[in-house]
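Hi everyone, thanks for making time for this. I'd like to walk you through one structure, so please have a look at it while I talk.

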Amino acid sequence: MNQQLNDKIALVTGGTTGIGFAAAQELAAQGARVFITGRRQAELDAAVAALGGAAAGIRADAAVLGDLDNVYAQIARTAGKLDILLANAGGGDMLPLGAITEEHFDRIFGTNVRGTLFTVQKALPLLVDGASVILTASTVSIQGTANFSVYSASKAAVRNFARSWALDLKDRGIRVNVVSPGPIRTPGLGGLVPDEARQGLFDHLAAQVPLGRLGEPREIGKAVAFLASDAASFVNGIELFVDGGMAQV
């Protein structure tokens with residue numbers, strides 16, 4: 001395994017399952033010392049055990065600013081710096097226009113937009129000059145999706161954060177990029193529908209992908225590791241679609 005991230009300190013929010021966990025796995029495999037966050041202690045402990053010796057877990061909800069303060073206080077004490085930040089914590093569910101509630105909006109924007117903003121802003125004192133910040137968005141940042149407008153709008157906001165923050169942080173040489181997955185075989189994707197409809201959803205989405213299949217979390221992890229590495233030293237402000245071509249053709 002290429003150890004191109006040796007001596008790097010990384011934080012992955014929402015790192016207990018799916019894309020976040022796969023990204024943490026890849027960063028650790030490439031030599032980084034990885035901190036992950038999650039809201040549920042049992043899942044956090046299981047993820048840390050699976051990641052092995054290069055990982056540590058901190059229970060936190062990215063939408064709760066006090067939790068973020070605690071995350072960065074612990075990283076400051078135990079590592080003293082941050083080279084790589086993947087602001088990945090997020091999620092959403094489906095409601096059509098006409099049925100959208102305040103709770104639905106506040107919950108999704110609270111985690112995906114407010115949480116991403118303060119995850120990055122509160123990291124600034126720890127981030128080294130030349131650090132890599134990566135935000136998780138989605139192909140829905142550029143596509144319309146029925147019943148999914150609040151989630152889609154939140155990911156469009158995340159995409160613009162990268163454009164603006166790349167300018168805000170240019171004097172420190174901090175790169176800010178977005179990785180936008182297409183349909184990935186994760187618990188979060190399957191959880192959008194009842195269990196009995198899950199395979200139908202997967203088949204429907206796979207049929208829209210030029211490669212004819214869903215993506216796997218590890219494929220997003222490899223894209224994150226690329227953006228985190230010196231191989232991407234002149235890559236800044238982009239949205240890297242990892243979607244099998246779904247949003248590209």
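So let's begin with salt bridges: there are 12 of them by the cut-off used here, a side-chain nitrogen of Lys or Arg within 4 Å of a carboxyl oxygen of Asp or Glu. Please keep in mind that this is a predicted model.

Let me pick out a few of those bridges. Take R107 and D93: their closest N and O atoms are 2.8 Å apart. R107 sits in helix α4, residues 102-123, while D93 belongs to the loop between β4 and α4, so this pair ties together parts that are 14 residues apart in sequence. How accessible are the two partners? R107 has 34% relative accessibility, which makes R107 partly exposed. D93 is at 28% and counts as partly exposed too.

R107 has a second partner as well, and that is E103, with an N to O distance of 2.6 Å. Here the separation along the chain is four residues within helix α4, so about one helical turn lies between E103 and R107. E103 has a relative accessible area of 47%, and that puts E103 in the partly exposed class. If you put these pieces together, D93, E103 and R107 form a network of salt bridges.

Now for a bridge in another part of the chain. R172 pairs with D129, and the closest N and O atoms there are 2.9 Å apart. Which parts does this pair tie together? R172 comes from the loop between α5 and β6, and D129 from strand β5, residues 127-136, so the bridge connects parts 43 residues apart in sequence. R172 is partly exposed at 26%, whereas D129 is exposed, with a relative accessible area of 57%.

Let's go back to the loop between β4 and α4, where we also find G91. G91 is partly exposed, with a relative accessible area of 29%. What does G91 touch, leaving out residues up to four places away in sequence? The answer is I108, N112 and Y151. For N112 we also have a C-alpha to C-alpha distance: G91 and N112 are 6.8 Å apart in space, although 21 residues separate them in sequence.

That brings us to helix packing, and to α4 and α5 in particular. Their axes come within 9 Å and cross at roughly 15°. With that angle, α4 is roughly parallel to α5. And the handedness, left or right? The crossing of α4 and α5 is right-handed. On the α4 side, the contact residues include F105, I108, F109, N112 and V113, and on the α5 side they include Y151, A153, A157, F161 and W165. By residue class, the contact of α4 with α5 divides into 13 nonpolar, four polar and one charged. You may recognise some names here: I108, N112 and Y151 take part in this helix contact, and G91 touches these three.

There is another helix pair to look at, towards the start of the chain numbering. Helix α1 covers residues 18-29 and helix α2 covers residues 41-51, and they pack at an angle of about 30° with their axes 10 Å apart. Why do we call them roughly parallel? Angles under 35 degrees count that way, and therefore α1 and α2 qualify. The crossing of α1 and α2 is right-handed. F21, A24 and Q25 of α1 make the contact with A47, A50 and L51 of α2. In terms of class, the residues in this contact of α1 with α2 are five nonpolar, one polar and no charged.

Last topic, and one for those of you who like backbone torsions. Most residues other than glycine have a negative phi. D7 has a positive phi, near 70°, and is not a glycine. You'll find D7 in the segment before β1. Is D7 buried or exposed? With 68% relative accessibility, D7 counts as exposed.

N147 also has a positive phi near 70° in a residue other than glycine. N147 lies in the loop between β5 and α5, and at 38% relative accessibility N147 counts as partly exposed.

That's my tour. Thanks for listening, and I'm happy to take questions.

Note on methods:
Residues numbered from 1 in each chain as written. Predicted model: local features only at pLDDT ≥ 70, side-chain atom pairs only at ≥ 80, totals over all residues. Heavy atoms only, no water. Axes fitted to C-alpha atoms, helices over the stretch in contact; angles between N-to-C directions. Helix = DSSP H or I, 4+ residues; strand = E, 2+ residues; numbered from the N terminus. Parallel < 35°, antiparallel > 145°, perpendicular 65-115°, else oblique. Left-handed = near helix turned anticlockwise from the far one by under 90°. Contact = heavy atoms within 4.5 Å. Nonpolar A, V, L, I, M, F, W, Y, C, P; charged D, E, K, R; others polar. Buried < 20%, exposed > 50% of the residue type's maximum accessible area, 1.4 Å probe, protein only.
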